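Grab a coffee and work through these short exercises with the model open beside you. Each one gives a task, then a solution in steps.

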Amino acid sequence: MARALSAWIARRALGALATVLAASVLIHLSLRLVPGDPVLALTAGRRLTPEQLAAVREAYGLDQGPVQSYLGWIGGALRLDLGASLHYQTGVSTLIADRLDVSVPLILYAAALSVLFGTAVALVSAVRGGAVDRIAGLLAATTTATPPFVAAILLLATFSVGLGWFPATGAGTGFADRLWHLTLPATAMAIAVFGVLARVGNAAFAAELRREHVEVARSRGVGGAAVVRRHVVRGALPPLLTVIGVLLAGLFVGTAVVETAFGLDGVGSLLVSSVTRRDIPVVQGVALIAVVLFVLVNTLVDLALTFIDPRVTVGGITR
Amino acid sequence: MTLTVPALRARAARRRRHRPLSVRLAAAFLLVVAGTGLLAPLLAPHSPDTTSLVNALAPPGTPGHWLGTDSTGRDVLTRVMYGARLSLLAPLGVVLLSAALGITTGLVAARAGGRVDAVLSRCMDIVFAFPSLLLAMIAVAVFGPGLAAPVCALAVSYAPFLGRIVRSVALQEGARPYMEAYRVMGFGELWVTLRHLLPNVAPVLIAQGTLSFGYALVDLASLSYLGLGVRPPDADWGSMISQAQSAILQGAPWSGIVPGLAVLLTVVSVNVIGEHVGGSISGRGKEET
């Protein structure tokens with residue numbers, strides 16, 4: 001069993017690695033999908049000397065064959081060197097690293113808010129039922145459909161401009177100040193995630209509550225809280241964890257919208273401005289990180305499930 | 001599986017009675033939004049592009065401008081009505097394209113099997129590794145601004161969802177005796193697939209397609225909000241909100257809140273309908289067995 005398990009983990013990790021590699025090939029070679037000469041398309045409208053054109057071509061790796069240029073790029077990426085930005089004239093890795101102190105707290109803050117409130121609302125509404133359940137259902141349906149940029153302008157209009165409780169732009173300095181500045185952006189990001197978690201969690205908890213062993217435990221007089229803790233939460237963990245993984249992995253790209261809305265200088269707003277400027281090396285660098293994170297988180301969740309729920313056996317879920 | 005026509009009618013009638021209020025409201029709202037978008041030139045009180053600095057940032061309730069005006073004096077109600085056109089059409093394009101892609105991939109993978117199936121399934125895994133918004137942004141960076149690149153990118157991004165469903169249903173259905181019987185009788189592979197497999201997959205496809213429409217609407221509106229989607233003078237709800245940003249900070253939020261609510265309510269309605277369709281499919285099994 002243990003051997004089969006480690007073999008399965010190895011296979012799963014290899015599969016994830018293969019996916020990341022294939023995705024990185026796509027990211028790097030996407031520029032070559034442009035019909036005609038990509039350099040002319042990218043520098044459209046600007047008059048450039050042949051020397052300048054050659055420099056741009058070299059910067060994009062277009063002076064080499066696709067295999068060579070990919071190997072150069074991915075080799076650099078493994079050494080944390082993602083090439084140079086065309087706009088800033090500095091390394092892409094430095095540009096990204098300088099902005100992590102805004103984006104990382106933002107993502108963690110949003111993750112904490114959505115997971116905490118999402119699972120709490122799901123659990124309470126599933127256990128209580130009745131009117132509480134209906135109100136929670138309505139809340140979840142509305143928040144699920146609220147895109148982060150709509151949430152951002154509603155929050156800005158209400159809590160920043162209207163009530164003046166929170167700042168409208170900037171990331172602040174120092175821990176407390178940053179937390180205060182990031183509260184509205186993190187809430188804007190968390191709202192839709194909260195909605196999905198509240199719904200999926202509610203369904204998972206409700207399904208567990210209806211299961212036979214829970215009813216038996218209750219009928220034998222085991223206290224409500226103990227049953228919920230020991231059986232309902234544990235049983236509902238696998239589906240909940242899967243969804244949390246998918247949602248959290250998506251938060252990295254979600255920073256693009258929220259950081260732009262709140263004027264934060266993070267990785268997301270860097271991605272947006274680089275797309276606008278068609279600064280391809282930066283876009284490719286951020287995209288690579290996003291895909292690696294996305295695959296990594298989902299793989300880790302899959303692996304965690306095998307340890308939480310022994311029924312998830314080698315080769316997939318058996319029930 | 002086979003139902004007579006009266007039985008089908010009875011089932012349809014039964015389901016109509018069970019259609020909850022929320023689903024009716026959602027359908028009515030979507031009809032109104034689509035209708036006002038379609039008939040915007042006839043219904044809208046103003047021209048969407050006429051600016052008037054005298055009337056700039058008129059609050060909602062102003063006679064003649066019932067939802068107010070934006071920072072250049074354009075009527076918000078008029079612009080939301082016109083904005084509905086691209087806001088709804090572009091996601092529709094995404095859904096149709098991704099359905100075509102997903103159905104083809106899923107059916108080919110299931111029917112061909114073997115190595116073709118393995119390769120196609122692997123390709124779908126790779127597309128899954130890209131969050132849809134990221135794929136759309138890469139497309140804009142590479143192919144330049146405008147709606148065409150993000151619409152195609154989102155279609156590719158959503159196709160695996162449909163592709164996987166179609167593949168698994170097609171595999172289940174393909175293993176049933178009646179499929180073998182048709183093949184023995186000498187009917188062509190393509191005919192069996194189109195005539196018998198596709199109709200069986202259709203209900204699931206409609207449910208998934210409806211939900212994809214909501215995702216596509218949000219993704220495209222987000223791109224327009226970021227200035228990476230619709231190009232001026234065209235406008236959708238996302239670009240309207242983007243233009244309202246400075247007015248919001250000046251304490252005149254309605255030119256952003258109205259299109260924001262339009263996005264929110266449309267997506268809620270689409271989700272309610274999508275879930276109802278999905279629910280009545282899973283409920284169907286209970287009804288018949």
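Domain bounds here come from an automatic or database domain assignment. This is a predicted model, in which local features need pLDDT of at least 70, side-chain atom pairs count only at pLDDT 80 or more, and totals for chains, interfaces and linings use all residues. Residues are numbered from 1 along each chain as its sequence is written, while chains are lettered from A and ligands numbered from 1 in the order in which they are written.

**Exercise 1. Work out how chain A is divided and how its elements run.**

Step 1: Start with the domains. Chain A splits into domain 1 (2–78) and domain 2 (98–276), and their C-alpha centres lie 34 Å apart.

Step 2: Go through the elements, using DSSP runs numbered from the N terminus (helices are H or I, at least four residues; strands are E, at least two). Chain A has twelve helices and two strands. Reading from the N terminus, the order is α-α-α-α-α-α-α-α-α-α-α-α-β-β.

Step 3: Put a box around chain A. Along the principal axes, its C-alpha atoms fill roughly 85 × 60 × 35 Å.

**Exercise 2. Follow helix 7 of chain B and find its kink.**

Step 1: Helix 7 covers residues 148–174 of chain B, 27 residues in total.

Step 2: Compare the spans. The expected one is 1.5 Å times one less than the number of residues, giving 39 Å for helix 7, and the model comes close with 36 Å from first C-alpha to last.

Step 3: Look for the bend, meaning the angle between axes fitted to the seven residues ending at a residue and the seven starting there. Helix 7 of chain B kinks by about 30 degrees at B:Ala159, shortly before the proline B:Pro160.

**Exercise 3. Describe the side of chain B that touches chain A.**

Step 1: Count residues, with a contact meaning C-beta atoms, placed from the backbone, within 7 Å. Chain B gives 34 residues and chain A gives 41.

Step 2: Find the elements. Those of chain B giving two or more residues are helix 5 (114–128), helix 6 (132–143), helix 9 (189–225), helix 10 (237–249) and helix 11 (254–288).

Step 3: Sort the chain B residues: 26 are nonpolar, seven polar and one charged. (Nonpolar covers Ala, Val, Leu, Ile, Met, Phe, Trp, Tyr, Cys and Pro; charged covers Asp, Glu, Lys and Arg; the others, Gly among them, are polar.)

**Exercise 4. Check the scores.**

Step 1: For the whole model, ipTM is 0.86 and pTM 0.85.

Step 2: For chain B, pLDDT (the predictor's confidence in each residue, from 0 to 100) averages 82, and 90% of the residues score at least 70.

Technical notes:
Contact = placed C-beta atoms within 7 Å.
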